[in-house]
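Visitor: I should like to understand how the terms used for this assembly follow from its coordinates. Would you take me through the reasoning?

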Number of protein chains: 8
Amino acid sequence: GFARIDTRREARQGVAECVYTPGKRPEEVVAIVAELLAHATGPVLATRADPDTAQAVLAAHPAGRYDPQARLLAWRPAPPRGFRLAVLTAGTADWPVAAEAAAVARAVGLEVDVYRDVGVAGLHRLLDCVDAVTAHHAVVVVAGMEGALASVVGGLVAHPVIAVPTSTGYGAGLEGVTALLAMLSSCAAGLTVVNIDSGFGAAMAAHRLATA
Amino acid sequence: GFARIDTRREARQGVAECVYTPGKRPEEVVAIVAELLAHATGPVLATRADPDTAQAVLAAHPAGRYDPQARLLAWRPAPPRGFRLAVLTAGTADWPVAAEAAAVARAVGLEVDVYRDVGVAGLHRLLDCVDAVTAHHAVVVVAGMEGALASVVGGLVAHPVIAVPTSTGYGAGLEGVTALLAMLSSCAAGLTVVNIDSGFGAAMAAHRLATA
Amino acid sequence: GFARIDTRREARQGVAECVYTPGKRPEEVVAIVAELLAHATGPVLATRADPDTAQAVLAAHPAGRYDPQARLLAWRPAPPRGFRLAVLTAGTADWPVAAEAAAVARAVGLEVDVYRDVGVAGLHRLLDCVDAVTAHHAVVVVAGMEGALASVVGGLVAHPVIAVPTSTGYGAGLEGVTALLAMLSSCAAGLTVVNIDSGFGAAMAAHRLATA
Amino acid sequence: GFARIDTRREARQGVAECVYTPGKRPEEVVAIVAELLAHATGPVLATRADPDTAQAVLAAHPAGRYDPQARLLAWRPAPPRGFRLAVLTAGTADWPVAAEAAAVARAVGLEVDVYRDVGVAGLHRLLDCVDAVTAHHAVVVVAGMEGALASVVGGLVAHPVIAVPTSTGYGAGLEGVTALLAMLSSCAAGLTVVNIDSGFGAAMAAHRLATA
Amino acid sequence: GFARIDTRREARQGVAECVYTPGKRPEEVVAIVAELLAHATGPVLATRADPDTAQAVLAAHPAGRYDPQARLLAWRPAPPRGFRLAVLTAGTADWPVAAEAAAVARAVGLEVDVYRDVGVAGLHRLLDCVDAVTAHHAVVVVAGMEGALASVVGGLVAHPVIAVPTSTGYGAGLEGVTALLAMLSSCAAGLTVVNIDSGFGAAMAAHRLATA
Amino acid sequence: GFARIDTRREARQGVAECVYTPGKRPEEVVAIVAELLAHATGPVLATRADPDTAQAVLAAHPAGRYDPQARLLAWRPAPPRGFRLAVLTAGTADWPVAAEAAAVARAVGLEVDVYRDVGVAGLHRLLDCVDAVTAHHAVVVVAGMEGALASVVGGLVAHPVIAVPTSTGYGAGLEGVTALLAMLSSCAAGLTVVNIDSGFGAAMAAHRLATA
Amino acid sequence: GFARIDTRREARQGVAECVYTPGKRPEEVVAIVAELLAHATGPVLATRADPDTAQAVLAAHPAGRYDPQARLLAWRPAPPRGFRLAVLTAGTADWPVAAEAAAVARAVGLEVDVYRDVGVAGLHRLLDCVDAVTAHHAVVVVAGMEGALASVVGGLVAHPVIAVPTSTGYGAGLEGVTALLAMLSSCAAGLTVVNIDSGFGAAMAAHRLATA
Amino acid sequence: GFARIDTRREARQGVAECVYTPGKRPEEVVAIVAELLAHATGPVLATRADPDTAQAVLAAHPAGRYDPQARLLAWRPAPPRGFRLAVLTAGTADWPVAAEAAAVARAVGLEVDVYRDVGVAGLHRLLDCVDAVTAHHAVVVVAGMEGALASVVGGLVAHPVIAVPTSTGYGAGLEGVTALLAMLSSCAAGLTVVNIDSGFGAAMAAHRLATA
Ligand SMILES: Nc1ncnc2c1ncn2[C@@H]1O[C@H](COP(=O)(O)O)[C@@H](O)[C@H]1O
Ligand SMILES: Nc1ncnc2c1ncn2[C@@H]1O[C@H](COP(=O)(O)O)[C@@H](O)[C@H]1O
Ligand SMILES: Nc1ncnc2c1ncn2[C@@H]1O[C@H](COP(=O)(O)O)[C@@H](O)[C@H]1O
Ligand SMILES: Nc1ncnc2c1ncn2[C@@H]1O[C@H](COP(=O)(O)O)[C@@H](O)[C@H]1O
Ligand SMILES: [Mg+2]
Ligand SMILES: [Mg+2]
Ligand SMILES: [Mg+2]
Ligand SMILES: [Mg+2]
Ligand SMILES: [Mg+2]
Ligand SMILES: [Mg+2]
Ligand SMILES: [Mg+2]
Ligand SMILES: [Mg+2]
């Protein structure tokens with residue numbers, strides 16, 4: 001076949017291999033999802049699915065659900081298990097990445113609350129929700145442009161902070177590279193960072209925390 | 001004064017502000033450490049201290065200890081609190097960064113075991129210690145050159161993995177940038193990454209996990 | 001004419017000049033292929049041909065074959081001559097590059113076996129096929145993202161390893177530059193590397209090995 | 001001579017040409033300063049002077065003063081003219097750059113107050129001095145690492161903000177490039193940015209504001 | 001809702017939060033503009049609006065005006081308050097960025113004169129209008145390619161100069177990065193720089209000057 | 001008007017300002033060309049014109065000619081004046097850039113011979129035409145990928161060599177940046193280099209030689 | 001211990017793990033070499049050894065030899081086994097890297113001939129030795145600056161070509177990155193590339209060829 | 001021998017191969033110079049020689065002369081042949097590069113006038129000497145920081161302009177890369193560019209012009 005699924009991943013890591021749909025034809029995704037549904041017992045996910053692919057794959061595997069903002073296809077979502085995750089975004093434009101983080105995290109069993117549009121240009125928005133944020137077990141910060149929200153949150157809370165740079169912005173933002181480098185260079189100690197626009201990566205990192 | 005210490009940090013985050021010694025004169029470090037010892041009740045740390053600075057600062061504050069490989073000065077280390085951290089290095093040359101991670105982590109109360117020189121060029125070395133590694137709560141992977149160890153570890157364990165790229169290597173290694181980018185682009189889902197050569201950052205990220 | 005073919009290349013290097021089709025109109029490709037078929041006696045290849053170009057060129061030179069996944073047009077493929085090449089891919093998305101490597105290698109007379117989707121996130125997949133891989137004369141490793149597969153394979157086998165970074169991935173993957181730099185910085189000694197997405201380059205490097 | 005001084009600059013812009021001392025021998029600086037003192041009537045400055053150069057130049061032109069932290073030599077400082085400038089630093093290590101900004105600004109007639117070590121990792125430090133800062137005409141923000149202080153200040157005040165990235169930090173900080181890109185990409189509208197480590201540039205930009 | 005508007009920004013900084021339209025659907029822009037018109041009393045702006053978005057938003061909020069070259073939607077423009085801004089462009093292709101700078105500046109109450117196409121390749125064009133330019137309070141210089149106009153203007157006038165690099169050019173121009181770096185490295189002291197193509201940023205920086 | 005033509009350029013430099021058509025509407029090009037035809041007496045050129053723009057502009061100014069490969073519109077080409085220029089290309093794909101160089105050079109009065117497809121992978125092609133090349137006054141070398149042709153030509157001839165890197169290639173070619181850096185780093189002494197894909201720049205540099 | 005040697009490497013790959021001496025103290029190298037001499041039966045190598053380290057290590061293990069130009073320490077060199085390797089350098093300054101390639105290759109049993117200073121700026125030097133070069137089994141090309149020698153050699157011979165970029169040069173040479181990118185983008189098909197300045201990597205790649 | 005001199009270069013290109021001294025021991029330079037003096041009849045040059053090397057080499061070949069600012073050793077300088085070259089520098093700090101350009105140009109027989117410190121921050125300095133500059137056959141412009149002088153000169157004169165970026169500056173100047181990119185992107189048509197800090201390259205390019 002065109003794919004060799006890592007059939008032991010659910011046993012090893014608690015979640016089966018997830019399908020990255022870009023570059024795969026719908027029928028390939030259908031086949032891989034079939035194999036995953038057969039080999040695993042828990043959630044099966046396909047990320048970055050555009051609406052057409054989603055529709056075609058759901059036709060073959062109708063028990064799943066599609067979240068168009070998160071671009072996520074999910075089957076057999078895990079039941080919530082008491083790990084609460086706060087997902088913050090700096091601006092409205094960061095929403096698609098945060099939506100992916102939230103949707104994947106929920107599908108693998110985390111409880112997620114979202115705090116949108118709390119960027120540092122209007123700091124009171126963040127200060128107003130710090131108490132609510134600290135009632136969670138971990139925090140995901142999604143920010144583009146210069147990514148300063150991650151540093152400010154990292155300085156305010158004692159929690160694990162997973163920073164997700166986004167490609168929001170233009171020019172010197174270098175398609176997310178600036179936010180990435182800034183988050184890695186943060187003056188707030190102990191932040192961790194995942195790839196640009198990788199809501200998926202942040203959710204899976206949070207899943208590792210919940211498993212720890 | 002030349003410094004405005006964040007005197008509320010211990011209350012907010014569990015560890016007082018740490019001193020970054022490069023660019024500060026010994027008498028400045030002495031003064032800041034004095035203020036930190038007075039305002040905080042737990043561990044006080046000064047990182048990246050060269051031996052001369054260390055000797056001068058310890059002369060003024062003799063209750064501390066200096067770890068020359070980790071380049072760390074520490075006063076009032078926290079008692080262990082049952083969070084076990086595994087620190088892995090790919091090669092011998094990555095040791096100074098791992099030493100900093102281990103020393104800082106121990107100073108803030110984590111229990112650390114180190115697995116040195118388990119790089120993927122001789123894979124059996126890693127496979128031989130996977131079971132021991134999985135007996136911890138989280139894993140720090142320290143690797144330079146191409147940083148592949150982070151991906152392999154990330155694929156083998158379900159734990160939180162904090163990857164630390166190092167500047168070990170030459171040419172296309174770009175002083176750690178290649179390992180950094182590689183770890184961020186890892187095919188293993190849910191890895192998190194800190195700054196190049198930042199053993200300190202990895203330890204503080206682990207401290208956040210232990211606090212969660 | 002618009003092209004000056006290197007008519008002595010087959011004599012010098014065993015394979016005639018290959019046509020890089022992007023940027024050439026179909027009628028230009030037709031004319032160059034005609035000249036190559038006339039001047040050379042062995043295989044004639046046109047790479048990166050999209051389906052429309054392929055159809056137009058085959059209409060003029062119907063003795064050739066088009067492989068749509070490899071995007072390769074080939075006339076007069078060389079007979080196999082006993083050099084066995086293993087082509088490995090890290091993920092499903094690396095297939096088009098591997099397909100080009102395999103198709104070009106076969107067209108110039110190598111015997112190729114392909115091992116797909118053996119990336120290090122699920123290491124057992126690779127370990128399961130190491131013995132089969134070592135039964136070949138050389139290995140091509142095709143991987144995007146962080147390209148760690150090249151290091152792991154390089155550490156396991158004694159064979160010549162030709163690493164092909166691919167542009168698979170996003171963000172910090174920098175369109176293949178990260179995999180490229182990582183492969184060049186590998187901790188496994190003696191890997192060699194070709195250009196990003198250059199299945200063609202890997203196949204021609206293997207052809208040089210077979211000629212040696 | 002080895003230099004062609006822009007003798008009309010004081011008339012055109014209010015401050016004579018300033019000497020950039022790196023790469024010039026002390027006797028060259030002595031000669032240029034002599035010419036500037038003769039052609040201009042107001043302040044004469046030589047930047048980035050190390051202590052040895054400073055001593056040698058002051059021996060020849062003893063009416064000047066040397067500020068070793070700012071590395072500035074200044075003759076005939078301008079009298080204060082009622083423009084108040086706030087200079088903020090994120091961390092202790094940013095001080096030399098801020099010192100240059102403050103010293104140059106004072107030498108050209110601005111009134112300067114400095115707020116050191118108010119980085120966002122301990123946000124209350126900044127919030128405690130916002131009112132004092134807003135009592136000025138303009139703000140210079142000096143920050144390295146990820147430079148987030150500029151965004152937060154830019155969101156809190158309505159004043160002209162001149163952001164100065166510094167080379168403080170390591171690894172992903174890229175010797176100040178990350179802070180530079182971050183400040184340029186700030187979500188706070190209307191920030192302006194000068195070159196990395198250019199306290200001089202920030203002071204001269206403030207001088208232009210005071211002249212406007 | 002999908003956005004959390006910074007409703008205190010007008011009070012803090014004199015202009016309400018501006019909407020960055022790319023990535024938002026027309027109905028989202030409509031809703032945000034409604035909220036801004038309700039919470040603020042002065043100008044409400046939406047930048048980078050393409051004609052279709054503009055038409056849809058104006059249908060809901062017909063009191064606004066759309067400037068297609070500036071891609072700006074503006075409601076309740078501020079009355080002029082006596083601050084005169086000169087906007088210069090190096091070449092014809094820099095016009096869209098300058099148009100945004102001019103339109104935003106006018107909408108927030110500045111008086112703007114534009115001097116187009118005065119690039120240094122034909123220096124007399126600039127020299128012919130220097131006197132007119134100096135009759136303003138501040139200068140915005142919009143230039144792509146190598147951005148030399150900013151240095152030349154910076155050397156001729158004593159005013160605050162806000163340099164805007166544009167992505168005009170090709171090859172070594174690196175989509176505006178070269179102009180950006182050049183402006184930051186200018187030999188003319190005291191220039192300030194905003195993000196590539198950010199006419200908006202330049203206008204808001206000028207607004208801060210006018211407020212000072 | 002939307003453009004301020006440098007009407008003195010023909011007097012200063014022998015050729016009137018040339019129109020860069022991208023980003024200009026056809027009616028703008030028509031108006032600028034009208035002004036140039038009126039103010040200058042010699043050649044008037046518009047570069048990078050796509051066929052639709054060309055047709056629209058020629059409708060208004062029918063005395064001109066359009067070269068679709070060079071994408072050049074030219075009116076009143078200068079008569080030849082005895083300066084012979086050799087234009088070499090490494091590969092077939094470099095032709096559009098070389099075509100622009102040749103067409104602009106001819107339009108400003110140089111005599112041009114083109115030697116196509118003489119790249120170093122088949123060195124004899126170049127060696128076969130070295131004698132013909134040396135019969136010219138200057139040489140333009142157009143090459144993409146690694147740009148090695150410039151070095152080899154630079155080592156063989158004593159003439160002025162103007163190297164033009166092209167964006168031909170992929171991956172590590174970095175859209176022409178690699179060829180650009182390589183040509184600038186050439187081991188052949190005294191090569192000069194112009195911008196990526198700038199056939200226009202090479203022709204104008206040759207025109208300066210012819211004028212010297 | 002401070003190192004975990006890959007004791008199975010000789011069995012797997014024919015050569016024991018090699019010691020990279022930078023960053024290791026002499027006594028650490030002494031200990032690792034002792035372990036390698038005990039566990040392996042064939043050659044033991046320590047690369048990049050400066051003279052002081054070399055002297056200290058040889059004092060403990062006097063049966064070895066030190067090559068100061070190659071900076072290589074070698075014990076128990078392998079007997080020649082009939083694989084002939086040609087090592088070419090573009091310029092005199094590339095010699096140290098070529099010396100490392102030659103010395104490591106000889107130590108692992110290859111027969112090496114060196115052709116120095118055959119750069120393309122004086123092409124006849126290369127053409128004069130092509131026949132001698134083709135009498136070998138494989139070719140290593142060591143070149144800095146623009147690295148054009150690799151392309152020219154790659155076009156002349158049918159052999160495996162291992163290109164080694166060096167950091168020779170300045171400015172646009174970017175410490176070897178330009179040569180690296182150029183070699184990867186070569187118009188000669190089937191070149192392979194190793195890391196900048198990695199004579200060691202080229203020799204080990206040649207060793208893999210000899211093993212194939 | 002350790003070097004293979006290109007003994008035919010003087011015949012081919014009018015000047016013998018020049019010795020690049022960095023990385024060569026004095027005795028190596030002595031030997032190469034001996035060979036060059038024997039094989040060539042005209043000038044023999046060794047560039048970038050530090051004073052110690054210069055003294056040692058002159059001891060062996062006392063007929064030469066050393067220019068310490070240009071770091072040039074020259075024997076048998078060519079007689080002037082009527083080609084006049086103007087060398088301009090933007091700032092005092094650019095002098096060493098300009099000195100190399102001037103000294104090499106004179107040694108190969110050009111007549112050189114130098115115009116120092118005519119940077120665009122004080123434009124009148126350049127305008128005052130434009131007439132003198134235009135009395136030459138070609139112009140070399142040496143500038144660091146943003147390199148704007150090249151564009152302004154290129155717009156004022158019709159001559160061949162060879163732009164030399166220098167590493168003068170800091171931060172965003174990127175050690176000369178910014179000036180390099182800016183000169184390549186110049187809005188003045190027909191500039192040519194050589195490597196960063198390559199006074200040698202500019203002089204040799206001028207020599208090619210003089211030969212044409
Ligand atoms: N053209 C523009 N360039 C840069 N920033 C802008 C622009 N237009 C609006 N903004 C900023 O973008 C922010 C809104 O981001 P968002 O929450 O994604 O809508 C506001 O704080 C504005 O200051
Ligand atoms: N000159 C060299 N360049 C690159 N890698 C080397 C070099 N010398 C030894 N090595 C590799 O470095 C690894 C040892 O790294 P370490 O554990 O840090 O001593 C071994 O696997 C060798 O293959
Ligand atoms: N200052 C310089 N900058 C660049 N190339 C130079 C310089 N001086 C000499 N060269 C070139 O360096 C080559 C010699 O390199 P090598 O064989 O390493 O001595 C000659 O071909 C010269 O053309
Ligand atoms: N610290 C500084 N940073 C940047 N530019 C400076 C500095 N000090 C002086 N300058 C500028 O450097 C120019 C002098 O350069 P030079 O001719 O090389 O002495 C003057 O025009 C100053 O405006
Ligand atoms: Mg918002
Ligand atoms: Mg090791
Ligand atoms: Mg897969
Ligand atoms: Mg501090
Ligand atoms: Mg114009
Ligand atoms: Mg060709
Ligand atoms: Mg040489
Ligand atoms: Mg000067």
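**Chains B and A**

Guide: In this predicted model, chain B is superposed on chain A by a rotation of 180° with 0.0 Å of shift along its axis, at an RMSD of 0.0 Å. The same surface serves both copies, as 100% of the contact residues of chain B recur in chain A.

Visitor: How many residues does each chain bring to the contact between chain B and chain A?

Guide: Chain B gives 29 residues and chain A gives 29 residues. Together the two chains bury about 2400 Å², with 57% of that area on carbon and sulfur atoms. On the side of chain B, the residues that lose the most area to chain A are B:A158, B:L184 and B:R208, which together account for 27% of what that side buries.

Visitor: What makes a salt bridge, and how many are counted between chain B and chain A?

Guide: The criterion is a side-chain nitrogen of Lys or Arg within 4 Å of a carboxyl oxygen of Asp or Glu. Between chain B and chain A the count is zero salt bridges. Polar contacts follow another rule, which requires a pair of N or O atoms within 3.5 Å. Across this interface of chain B and chain A, that rule finds 17 residue pairs, both residues being at pLDDT 80 or more.

Visitor: Which elements give two or more residues to the side of chain B that touches chain A?

Guide: They are α1 (9-13), α7 (148-156), α8 (177-184), β9 (192-193) and α9 (199-211) of chain B. The most comes from α9(B), with seven residues. Sorted by class, the side of chain B that touches chain A has 16 nonpolar, 11 polar and two charged residues.

**Chains G and F**

Visitor: Why is the relation between chain G and chain F that of a two-fold axis?

Guide: Chain G can be laid on chain F by a turn of 180° and a shift of 0.0 Å along the axis, with an RMSD of 0.0 Å. That is the relation of a two-fold axis. The residue of chain G that comes closest to the rotation axis is G:A148, whose C-alpha is at 2.5 Å.

Visitor: How do you know that the copies meet through the same surface?

Guide: Of the interface residues of chain G, 100% are also interface residues in chain F, and therefore the copies meet through the same surface. The contact joins 21 residues of chain G to 21 residues of chain F. Chain G and chain F bury about 1800 Å² between them, 75% of it on carbon and sulfur atoms. In chain G, the residues losing the most area to chain F are G:E146, G:S185 and G:C187, together 27% of what that side buries.

Visitor: What do the salt-bridge and polar-contact rules find across the interface of chain G and chain F?

Guide: Zero salt bridges are found across the interface of chain G and chain F. Eight residue pairs are in polar contact there, both at pLDDT 80 or more. The elements of chain G that give two or more residues to the side touching chain F are α7 (148-156) and α8 (177-184). By class, that side of chain G has 14 nonpolar, six polar and one charged residues.

**Pairs without contact**

Visitor: How do you know that no contact joins chain A and chain F?

Guide: Contact means heavy atoms within 4.5 Å. No contact joins chain A and chain F, and their closest C-alpha atoms lie 16 Å apart. Chain B and chain H likewise have no contact, with their closest C-alpha atoms 16 Å apart.

**Ligand sites**

Visitor: Why is the site of ligand 1 described as shared between chains?

Guide: The site is shared because residues from chains A, D and E surround ligand 1. Of the 17 residues around ligand 1, those that come nearest are A:T92, A:Y170, E:R9, E:K24 and E:T47.

Visitor: What makes the approach of A:D117 to ligand 1 a polar contact?

Guide: The cut-off for a pair of N or O atoms is 3.5 Å. An N or O atom in the side chain of A:D117 is 3.0 Å from an oxygen atom of ligand 1, which is within that limit. A polar backbone atom of A:T92 is also 3.0 Å from an oxygen atom of ligand 1, and a polar side-chain atom of E:R9 lies 2.9 Å from an oxygen atom of ligand 1.

Visitor: Where does ligand 3 lie, and which residues come nearest?

Guide: Ligand 3 lies between chains F, G and H. It has 16 residues around it, of which G:T92, G:Y170, H:R9, H:K24 and H:T47 come nearest. An N or O atom in the side chain of H:K24 is 2.5 Å from an oxygen atom of ligand 3. For H:R9, a polar side-chain atom lies 2.9 Å from an oxygen atom of ligand 3. For G:A93, a backbone N or O atom lies 3.2 Å from an oxygen atom of ligand 3.

Key:
Residues are numbered from 1 along each chain as its sequence is written. Chains are lettered from A and ligands numbered from 1 in the order in which they are written. This is a predicted model: local features need pLDDT of at least 70, side-chain atom pairs count only at pLDDT 80 or more; totals for chains, interfaces and linings use all residues. Side-chain values use heavy atoms; hydrogens and water are left out. Copies are superposed by least squares on the C-alpha atoms of residues with pLDDT of at least 70 in both. Buried area is the accessible area (1.4 Å probe) that two parts lose on being put together, summed over both. A polar contact is a pair of N or O atoms within 3.5 Å; within protein, one must be able to donate a hydrogen and the other to accept it, and residues adjacent in sequence count only if both atoms are side-chain atoms. Helices (H or I, at least four residues) and strands (E, at least two) are DSSP runs, numbered from the N terminus. Ala, Val, Leu, Ile, Met, Phe, Trp, Tyr, Cys and Pro count as nonpolar, Asp, Glu, Lys and Arg as charged, and the others, Gly among them, as polar. A residue is near a molecule or strand if one of its heavy atoms lies within 4 Å of it.
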